[in-house]
Amino acid sequence: MKILLLEDDEQTADYIAGGLRELGHTMDVCTNGRDGVFLGMDGDYEVMVVDRMMPQLDGLSAVKALRAAGVETPVLFLTAIGGVEDRVEGLEAGGDDYLVKPFAFTELAARLNALSRRRPIAASQNSLEVGDLQLDLIKRTVTRAGRRLDLQPQEFKLLEYLMRNEGQIVTRTMLLENVWSFHFDPRTNIVESHISRLRAKLDRGFAAPMIETVRGAGYRLDAAV
Amino acid sequence: MPPSKVLRSGAFRLALVFAAVFAVGAFALIAAFNGAVSSYADRTTQEALQAETALLKQQGAALGQAGLVTLIKRREQTARAEHYRYLLLASGGRRLAGSLPLGVARIGSTNISLPDAPEADEAPEDDDRDGAAEVSTVRTLGFRLADGSLVVVGRDAFAMEDLTRWVNRLTLWAGVGIVLSALIGGYLIAAAFLRRLERLNAAADRIMSGRLEERLPTIGGGEEFRRLSASLNAMLDRIEALMGNLRQVSTDIAHDLRTPLTRLRSTLEGIPAGASAAEHRLAHDQALEQLDQVLATFNALLRIGLIEGGGAKARFSSVDLSEVMERVWQAYQPAAEDARKELTAKIEPDVRVTGDAELIAQLFANLIENALAHTGPKARIRLSLGKTADRVEACVADDGPGIAPEERDKVLRRFYRLDASRSTPGAGLGLALVSAVIDLHGWRLTLSDNTPGLRVSIVAPQA
């Protein structure tokens, strides 16, 4: 992926850019908001990582400017502040996701993948398919190899999110935010409890488990492991 | 109290304004009085003249011209005390009697300024030293007799003029007196007010320079001063509470974060020289885990601080509380089952409140986690939500060990751990956050005995 990073702290910029390059991405780095707007308009980036605090032009204003200029590249904000209002502000300025520092690198990588993967959901799309797993969005039913699975509402939402991010790692935090709308970290591992129940229903009677736990990162749904 | 300060004060200026208004009013009153007196004097003089005129007419008709001359001469002598003066002219214009100058010889009324005729017993040298005789205004009334002679009667307004002069002098002195007393009175009042306010200011300075437990004195002077003192004291109460909070957090942080940070440091320090890659890996993972714990505590503290700051209030909206509690309940169901505890719920649908949905979700999540952490196996935890006419009541109740009455308000503080739970993991911030969210929303939280167990109930107004 071609990624634009707007970060003024050198150490953090090296850390992020280095890590993403290792994963095979192409990185362009700006140290202030003004340059970021110029580059963002010209270059063809798949996703942008923007620090909120920057000299000359802060991250929020830079993204507002880009959006006003018609640039639709998905944006992930980085910030040291993690208040409720700050996240909402970022989204209102045109951002698509929000990460509070310090963060685990795997968190950043997983979210960038999820962002760049965004395809506009066709109005006609009323089902998701991964391997022999089929999910009907209208009827809210799931079948695997034709056999109907009986899922609780939250298990359904969990499976839907995993299927929309098929083949990519989704972190625990991403699941908490997108499946449960929890913007906090519960001490109890409710995600793990739900995943294990989902697995039990999903894989019972099948040889190939579909949900893989990636240690230190998150979970991944694949067609056939 | 330096005079310049008093003169510049608002109280003094106000006093001056009042003095000016009062002075203007007083002047107006005296002027009106003056006017009334003048017109009374005028009227009286006119009436007297007319009476005298009528009398003379009558006598003239009865006595004839010669008799009238005698009468007038005699009256001039005797009536001097009453300040009457006369003039009798024959039809040809020859003066027959009287002391008025010929200038007043006309019919009808006139006023004329004349030097006073000397009193009967006065010598001419008794005039004023500067040679000018005293002058007064004489009002005259003239009429023609049947035989063609002209009679003019005059009366001077000496007494009235005296009175008027006296009233004017009074006005002047009164004016000066009013202004002086206004200035002095205003100064004294302003000085008194300033003294009171200075006491407040001095106390405030003392408090701000470190003696935070002191409060402003009552300074009398009326209800508004009492209210001012009371409001300022309430503000000071709040400041003291906030500072107390701050102090407590600092000590708590020092105490409760030092341990995991120390552990973290020793993990990293304890990697032996020449350790294998696996040992490095292990220490690395452990260190990360410990660091994450510390970060989680910091984040929670920051969160609580931000909530207490109150910024989220601006984004409050109507929240479906039933939906939030259902969501949180179902989120924790599997985890509760895994812990072999029972988590049930009885949630009335369509219950709405005003607030922040995210914070409310976190509030109930924390209460459930608290119940899960502090109850034994086979515990039963129950959520409930119901509404009355205007209020909403939500409950999280468990049948665990509960919290002793004397600890109930302490547990809502940061880092407070009941001795019984000191060994269980968790930084002790869960209930502190609950408390902060409750305060932000203006709701009421009560901890009570669930006989057995803990019952947490929240009362909120309906949206």
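Me: What covers the buried residues of H7(A)?

Reply: In this predicted model, the cover over the buried residues of H7(A) includes strand S5 (97–100), helix H5 (105–116), helix H6 (153–164), strand S10 (170–171), helix H8 (190–203) and strand S12 (218–221) of chain A. The buried residues themselves are Met174(A), Leu175(A), Leu176(A), Glu177(A) and Val179(A), within a helix that spans residues 172–179. H7(A) is followed by Ser181(A), with a positive phi near 55°.

Me: Why is Ser193(A) called buried?

Reply: The relative accessible area of Ser193(A) is 6%. Buried means under 20%, so Ser193(A) meets the criterion. This serine belongs to helix H8 of chain A.

Me: Which residues does Ser193(A) touch, leaving aside residues up to four places away in sequence?

Reply: Ser193(A) touches Pro334(B), Ala335(B) and Asp338(B). A contact requires heavy atoms within 4.5 Å.

Me: How do you know that the buried residues of H3(A) line one face of the helix?

Reply: In helix H3 (residues 59–68) of chain A, the buried residues are Gly59(A), Leu60(A), Ala62(A), Val63(A) and Leu66(A). Viewed down the axis of H3(A), these buried residues fall within an arc of 160°, and therefore they line one face. An α-helix has 3.6 residues a turn, so residues three or four places apart point the same way. The buried residues of H3(A) pack against strand S1 (2–6), helix H2 (33–42), strand S3 (47–51), strand S4 (75–79) and helix H4 (84–92) of chain A.

Me: What makes Asp58(A) a cap of H3(A), and at which end?

Reply: A side-chain oxygen of Asp58(A) lies 3.2 Å from the backbone nitrogen of Leu60(A), at the N-terminal end of H3(A). A polar contact is a pair of N or O atoms within 3.5 Å, so this pair satisfies the distance limit. H3(A) is followed by Gly70(A), whose phi is positive, near 90°.

Me: Why is Leu180(B) called partly exposed?

Reply: Leu180(B) has 48% relative accessibility. Partly exposed lies between the limits of 20% and 50%, so Leu180(B) falls into that class. Leu180(B) is located in helix H3 of chain B.

Me: Which nonpolar patch on the surface contains Leu180(B)?

Reply: The patch is formed by Leu16(B), Leu172(B), Trp173(B), Val176(B), Val179(B), Leu180(B), Leu183(B), Ile184(B) and Leu188(B), with about 850 Å² of accessible area together. Helix H3 (residues 158–208) of chain B gives the most to this patch, with 8 residues.

Technical notes:
Residues are numbered from 1 along each chain as its sequence is written. Chains are lettered from A and ligands numbered from 1 in the order in which they are written. This is a predicted model: local features need pLDDT of at least 70, side-chain atom pairs count only at pLDDT 80 or more; totals for chains, interfaces and linings use all residues. Side-chain values use heavy atoms; hydrogens and water are left out. Buried means under 20% relative accessible area, exposed over 50%, partly exposed in between (1.4 Å probe, protein chains only). Helices (H or I, at least four residues) and strands (E, at least two) are DSSP runs, numbered from the N terminus. The arc is that of the directions from the helix axis to the C-beta atoms. A polar contact is a pair of N or O atoms within 3.5 Å; within protein, one must be able to donate a hydrogen and the other to accept it, and residues adjacent in sequence count only if both atoms are side-chain atoms. Patches are made of residues with over 30% relative accessible area and no salt bridge: like charges are joined within 9 Å, nonpolar side chains (Val, Leu, Ile, Met, Phe, Trp, Tyr) within 5 Å. Accessible areas come from the Shrake-Rupley method with a 1.4 Å probe; for residues, only the protein chains shown count as cover. A salt bridge is a side-chain nitrogen of Lys or Arg within 4 Å of a carboxyl oxygen of Asp or Glu.
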